[in-house]
Amino acid sequence: VTNNLDDLDLGAKLEALTSQATALAPVPEVAAVLRRGRRRRQRLTATALLSVLLVGAMAPGAYRLEQRLASTPSPTATHPAAETPPNRFIGWWQDNIDASVYLPKGVNPAGRATVERQLAGLPEVERFWFESPQQGYARFKAEFRDVPAMTHNVTQDNIPAAFRVKLRGPGGLARLLDDLCTPGWSPRT
Amino acid sequence: MNPDTGAIVDSRERQEFTEFYHASYPRLRRQLFAVTGDLAEAEDALQEAFARASLRWPRLREYDAPEAWVRRVALNLTRMAARRLRRHARALLRLGAPPPTAELGPEVVDLYRALRALPRPQREAIVLHHLAQLPVAEVATQLRVPVGTVKARLARGRAALARARGPRSGTGSAHEQDERDNQEVRP
């Protein structure tokens, strides 16, 4: 069998084939791709948070936090860790943070203040505090310093600024979602 | 804080991403189609890859060739069989019926069948070298295999394509190949 298909011919043939095959399909709007990216990011955030909680729940003894808490300044003056040092990270997390409101990257001070005012006005919120990406990243690194797989794969860019929220009473989360999920911005817990 | 901006906050970066998208989408789509043989699958993987690119555009834009990054991600996506099935189901739900079928002319339909009959590694090498027009060394870098491997894949792939398109008096195996592939030609 003779090779009657030289390189130039093959390239041209491939061009012809693929041009014909894609000729009828329009190029989607870039907005559709950006929407898809946003959905993807929301999924990732939810998955990351879920896995953090799962890891904590499955190995409750794994994260001893006494010393770490002692060396980390408390986010607020009313931090109960001051009176009752918790034994375990997951216990501390469960006792102190019911929900996290992540802020989009590059949020301006006005946007942040809006969320802050909103949270301050909600009856179901017992207390909350702001955590900058720097603080969040430092805490993340401390919490997972024994798990290099986590710390190696996460950079400060991956940690959004957030309000950590402690809620009052049962059903607080549902009410918080109702109250915060107004059109115009998208809180995630 | 505008929820409609995705990861790209800066409007100049957004403009830049849009330009990059429009410049490279048609080209990458043709390359992905040549590798997968299925337009819906190629588009789905490509859009997913662009979505991921949009999330890290501020860093990607510094790369020499962001297009190569998108292509690699899209190729990886099409490589995983399980994901392919899941994406296929999602694409069916989202897009409804398959996209309009382009009629392939007689001069290319043989090549289409022969291409689909190639093993995937050979198809990738052929597409990157002959359609994306990357030098052999660059193909090796992007596929993360030695240069010699790329050359061997190119030689085998070209030989198989030439055989399939060969003289009409051709070999029995090429005809059997044609019959096996005759069942469905849906780009």
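Student: Both R164(A) and E131(A) are buried; what makes a residue buried?

Tutor: Buried means under 20% relative accessible area, whereas exposed means over 50% and partly exposed lies in between (1.4 Å probe, protein chains only). This is a predicted model, in which local features need pLDDT of at least 70, side-chain atom pairs count only at pLDDT 80 or more, and totals for chains, interfaces and linings use all residues. Residues are numbered from 1 along each chain as its sequence is written, chains are lettered from A and ligands numbered from 1 in the order in which they are written, and side-chain values use heavy atoms, without hydrogens and water.

Student: Why is the contact of R164(A) with E131(A) called a salt bridge?

Tutor: A side-chain nitrogen of Lys or Arg must lie within 4 Å of a carboxyl oxygen of Asp or Glu. The closest N and O atoms of this pair are 2.9 Å apart, so the contact qualifies. The pair joins strand β3 (residues 162–167) and strand β2 (residues 125–131) of chain A, 33 residues apart; a strand is a DSSP run of E with at least two residues, a helix one of H or I with at least four, numbered from the N terminus.

Student: How do you know that E43(B) is buried?

Tutor: Its relative accessible area is 12%, and therefore E43(B) counts as buried. R29(B), at 4%, is likewise buried.

Student: What makes E48(B) and R52(B) about one helical turn apart?

Tutor: They are four residues apart in helix α2 of chain B. Their salt bridge has its closest N and O atoms 3.3 Å apart. Shared partners join R36(A), D44(B), E48(B) and R52(B) into one network.
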